[in-house]
Amino acid sequence: MAEMGSKGVTAGKIASNVQKKLTRAQEKVLQKLGKADETKDEQFEQCVQNFNKQLNEGTRLQKDLRTYLASVKAMHEASRKLNECLQEVYEPDWPGRDEANKIAENNDLLWMDYHQKLVDQALLTMDTYLGQFPDIKSRIAKRGRKLVDYDSARHHYESLQTAKKKDEVKIAKAEEELIKAQKVFEEMNVDLQEELPSLWNSRVGFYVNTFQSIAGLEENFHKEMSKLNQNLHDVLVGLEKQHGSNTFTVKAQPRKKTKLFSRLRRKKNSDNAPAKGNKSPSPPPDSSPAATPEIRVNHDPEPASVATPGAVLPKSPSQNSLPAVVVETFPAAVNGTVEGGNGTVRLDLPPGFMFKVQAQHDYTATDTDELQLKAGDVVLVIPFQNPEEQDEGWLMGVKESDWNQHKDLDKCRGVFPENFTERVQ
């Protein structure tokens, strides 16, 4: 009998839950159709929006923190293998072998300690912080269901009161159900109205503590790692002093395209060669670049006449064959530069100048189109005329001393290995 009674209670509870779901579904449909009003609380809705935003931010932070920890673990493994390689190649008779092994052990311990502290002081705190969200999210959803129950009970009570034929018994029962539904809803609503703003405000302190912990741990880790690296550097300096005669020689990358300038000069000479039977090339058309007379900046200390805008330069005895030049605009020269137009053109740098490098090692040229470098030489890097001519690991440039002396790219420029230099500007 007890078993049958228990089954009856269970069946009754299931039927009651099914009925509640049906009633809620009907109420939501009526509200969406505008046939029933819905209780609104804009302040609570704002709290829910803040809650969802806070949850999304926390979930992302947790994900990124786990990715960071995975990266720390991967770096630890890579560092360990690198130190193992050093221990294997460090021969027994070399000085500092024991110190190098000890540094490798301390390096490994430092990585392990750093990872564990990140887990304890950041990840576990993060997990605890996010652990409170599922329960509150469930209560928000339950509060929404109880609000629908309250609205449904209210509408049912109002419909009975406005009916033409009133049934006092049904009205009394509906009023009782309304009071019960309102009480359940308001209890949940009051608790959430207090908790959600408090949870939202707690995010500031949590983010501060979390990132302060990560920053502090990372700072201490790098300080200790810096000491180990300095110790390892000192050990290797001692090894270098004992075996200083066996210095590693820097080599340039092999070139595939050789005698670049030879090819360019041959092509240039063939392009400029006059046709057979012509003693001199015919003058270029007026629209070609060669038809424009060259204007040179006079660096002589002697004073010269100043041309004003729109003035026609007078012909000199040696210029009878040249057309008159009308100077429309002549930009002013300031500190070795000509300013005007779209930008500033440096007169003391070669056309197309990109940046400067300084030779760190001597380089002996192996071909006519290569630069001969001494350690300390400054080279002005310029682009290749044909990018397809550039080999990997090689740059085009002119030594600054040669450029200052000759100002002629055809005579001074050449290619050089990039790994023999270091960028300085």
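Glu219 is partly exposed, at 46% relative accessible area. Its side chain pairs with Lys223 in a salt bridge, where the closest N and O atoms are 3.7 Å apart. Lys223 is likewise partly exposed, and its relative accessible area is 46%. Both residues belong to helix α5. They sit 4 residues apart, about one turn of the helix. This is a predicted model, and every distance here is computed from it.

Step back to the whole chain. It has 425 residues, and 28% of them are buried. The secondary structure comes to 8 helices and 8 strands. The accessible surface is about 29,900 Å². Carbon and sulfur atoms account for 54% of that surface. Consider contacts between residues at least 6 apart in sequence: 68% of these join residues at least 24 apart.

Now the charged pairs. The whole structure holds 14 salt bridges. One of them is between Arg66 and Asp127, with the closest N and O atoms 3.4 Å apart. This pair links distant parts of the chain. Arg66 lies in helix α2, residues 42-89. Asp127 lies in helix α3, residues 97-131. The two are 61 residues apart. Arg66 is partly exposed at 43% relative accessibility. Asp127 is partly exposed too, with a relative accessible area of 27%.

Salt bridges also join into a network. Glu77, Arg80 and Glu84 are linked in this way.

Move on to helix α4, which spans residues 133-161. Arg139 is in this helix. Its side chain meets that of Asp135 in a salt bridge, at 3.7 Å from N to O. Asp135 is also in α4, 4 residues from Arg139, about one turn of the helix. Asp135 is partly exposed, with 47% relative accessibility.

Arg139 has contacts far along the chain as well. Setting aside neighbours within four places in sequence, Arg139 is in contact with Met188, Asp191, Leu192 and Glu195. Take Met188. It is 49 residues from Arg139 along the chain, yet their C-alpha atoms are separated by 7.7 Å.

Arg143 sits in α4 as well. Is this residue buried or exposed, and what salt bridge does it have? Arg143 is buried, and it has no salt bridge. Asp41 carries the nearest side chain of opposite charge, 4.2 Å away. A salt bridge requires a side-chain nitrogen within 4 Å of a carboxyl oxygen, so the pair does not count as one. Asp41 is still among the residues that Arg143 touches. The others are Phe44, Phe185, Met188, Asn189 and Leu192, not counting residues up to four places away in sequence. Met188 and Leu192 therefore appear in the contacts of both arginines, where contact means heavy atoms within 4.5 Å.

Follow those contacts to helix α5. This helix covers residues 168-242. Glu186 is placed in it. Glu186 is one of four residues that form a negative surface patch. The other members are Glu187, Asp191 and Glu194. Asp191 was met above, as a contact of Arg139. How much of Glu186 is accessible? Its relative accessible area is 40%, so Glu186 is partly exposed. Residues in such patches have over 30% relative accessible area, so the value for Glu186 fits that requirement.

Elsewhere in α5 is Glu175. Glu175 counts as partly exposed, at 35% relative accessibility. Its C-alpha atom is separated by 9.8 Å from that of Leu160. Those two residues are 15 apart along the chain.

One backbone detail remains. Which sign does phi of Lys407 have? Phi of Lys407 is positive, near 55°, and the residue is not a glycine. Most residues other than glycine have a negative phi. Lys407 is found in a loop. That loop runs between α7 (400-406) and α8 (409-412). With a relative accessibility of 39%, Lys407 is partly exposed.

Note on methods:
Residues are numbered from 1 along each chain as its sequence is written. This is a predicted model: local features need pLDDT of at least 70, side-chain atom pairs count only at pLDDT 80 or more; totals for chains, interfaces and linings use all residues. Side-chain values use heavy atoms; hydrogens and water are left out. Buried means under 20% relative accessible area, exposed over 50%, partly exposed in between (1.4 Å probe, protein chains only). Lys and Arg count as positive and Asp and Glu as negative; His and the chain ends are not counted. Patches are made of residues with over 30% relative accessible area and no salt bridge: like charges are joined within 9 Å, nonpolar side chains (Val, Leu, Ile, Met, Phe, Trp, Tyr) within 5 Å. Accessible areas come from the Shrake-Rupley method with a 1.4 Å probe; for residues, only the protein chains shown count as cover. The place of a charge is taken as NZ of Lys, CZ of Arg, CG of Asp or CD of Glu.
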